[in-house]
Amino acid sequence: MSWRTCFVGHVDRMGLFALVLLACAPGRPTPAARPAADAGRPEARAVAASEAEPRAGHFVIRGAEVVGVGVADVEVKDGRIAAIGAVAAGPPALQRAGRWIVPAAIDSHVHLSYLPGGRRMLDGGVAAAVDLAAPLAALREGEAPSELMVLPSGPMITARGGYPTRDWGSDGYGLEVDGPAAATEAVEALAAAGAKLIKVPVTDAPTLPPATLKAIVTAAHARGLKVAAHALFDRHARAAAEAGVDLLAHVPVEPLQARTVEAWAGRAAISTLSAFGGAAVENLKKLRAAGVTVLYGTDFGNTQLAGISGEEIDLLVEAGLDGQAIVTAMTSAPAQYWGLDSQGPGVLVPGGVASFLIVTADPRATPSTLAEPEAVFIAGTRR
């Protein structure tokens, strides 16, 4: 299929999988080069000055407000944050008074084998991603540049002929099993191949029987791996919770009953609100009220925007998240949930990786600014 169309679907409404293809808007045009005659204008001199600013190595960002800290200098050296606070003169400086610094984002639901876009993710402010379904070969070879931290699941463990093997995922995105013993072996094989979590579909038939689903969860937990479920309808979400699944790969699109919401209390859900619509926004409100941890995710591959999604942010606002909650869902919450190094993506601490955004408004008051960063630094290098 053309990458200029979106695969927006894999929804099994009324027991049938519906595939919806939507045309996607073209990317932004490349700005035309400024004529040489303009070189003396103030804006041209500003561009020239910005090009002279340090883009990597050892430098200091001065005057910006570090979200959660306050106005402070940020010293970057060799890809790490050397200091946050008052930094003495010496290293080259970027003056950013009136700007805000926030950790780069973690997207907890992508498909980089289905639609490669790792470099564009980095350019758009995403430092880490959870790849929730890819062929087994992707665990060995990978689909992303080394600068992007990827937590892969490998193929979904599914029933014979189960989702997604009969439609978009027919080319290795599902690992079919018969019974609990085969399911346990599948978990062992994926873990040995490098999977950092396990994904299962919980759908209408053909689907994993309860005993097989439970065996997957037990085997995964024995290896320290979380289990995510593709479960878009109320009955499926409740079955996943009853089997001990850890998180919802999508907020379900069918209205959730109170007992289903209660069953998910204290667990986690990945947003993907812009991928499916339906009752997802109202469901997220209910899940949050029950204490469910919200993790920002776009379902990239199904959606096509690499980088931080303004549409996803707008829908999170509609679901009741304020700016601070959105920043948390994009940064520290997934960093903690996925067990990333305390100095890795999603946090800004001395000694930690220097992956952050510079934005033009306080994201706690104007979260949409996160989708349009003024500058993106990944491991200390400006994209």
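**Exercise 1. Are helices H4 and H5 roughly parallel or roughly antiparallel to each other?**

Before you start, note that this is a predicted model in which local features need pLDDT of at least 70 and side-chain atom pairs count only at pLDDT 80 or more, while totals for chains, interfaces and linings use all residues. Residues are numbered from 1 along each chain as its sequence is written, and side-chain values use heavy atoms, with hydrogens and water left out.

*Solution.*
- Step 1: find the elements. H4 covers residues 179-193 and H5 covers residues 210-222; helices (H or I, at least four residues) and strands (E, at least two) are DSSP runs, numbered from the N terminus.
- Step 2: take the geometry. The two helices pack at an angle of about 30 degrees, with axes 8 Å apart. Axes are lines fitted to C-alpha atoms, for helices over the stretch in contact, and angles run from 0 to 180 degrees between N-to-C directions.
- Step 3: classify. H4 and H5 are therefore roughly parallel to each other, a label for angles under 35 degrees (over 145 is roughly antiparallel, 65 to 115 roughly perpendicular, the rest oblique).
- Step 4: look at the contact, meaning heavy atoms within 4.5 Å. H4 contributes Gly179, Pro180, Ala183, Thr184 and Val187, and H5 contributes Ala211, Thr212, Ala215, Ile216, Ala219 and Ala220. By class, 8 of these residues are nonpolar, 3 are polar and none is charged. Here Ala, Val, Leu, Ile, Met, Phe, Trp, Tyr, Cys and Pro count as nonpolar, Asp, Glu, Lys and Arg as charged, and the others, Gly among them, as polar.

**Exercise 2. Find which residues of the largest nonpolar core touch the most other members.**

*Solution.*
- Step 1: recall the term. A nonpolar core is a set of buried Ala, Val, Leu, Ile, Met, Phe, Trp, Tyr and Cys residues joined through side-chain atoms within 4.5 Å. Buried means under 20% relative accessible area, exposed over 50%, partly exposed in between (1.4 Å probe, protein chains only).
- Step 2: pick the residues. The largest core has 73 residues, and Ile198 and Val200 touch the most other members.
- Step 3: follow Val200. Leaving aside neighbours within four places in sequence, Val200 is in contact with residues including Ile157, Leu208, Leu213 and Ile216.
- Step 4: keep the other core separate. Apart from the largest one lies a core of 17 residues, among them Ala128 and Leu340.

**Exercise 3. Locate two cis peptide bonds, at Pro164 and Pro206.**

*Solution.*
- Step 1: Tyr163 and Pro164 are joined by a cis bond with omega about 5 degrees. Pro164 sits in the loop between E13 and strand E14 (174-177).
- Step 2: Ala205 and Pro206 are also joined in cis, with omega about 0 degrees. The loop holding Pro206 runs between strand E15 (197-201) and H5.
- Step 3: check strand E13 (residues 156-159), which holds Thr158. Thr158 counts as buried because its relative accessibility is 1%. Beyond four places in sequence, Thr158 touches Tyr163, Pro201 and Leu208, among others.

**Exercise 4. Compare Asp299 and Ala379: which is buried and which is partly exposed?**

*Solution.*
- Step 1: check phi. The value is near 60 degrees for Asp299 and near 50 degrees for Ala379, positive in residues other than glycine.
- Step 2: place them. Asp299 is in the loop between strand E19 (293-295) and helix H10 (310-318), while Ala379 is in the loop between strands E21 (375-378) and E22 (381-382).
- Step 3: read the accessibility. Asp299, at 0%, counts as buried, whereas Ala379, at 36%, is partly exposed.
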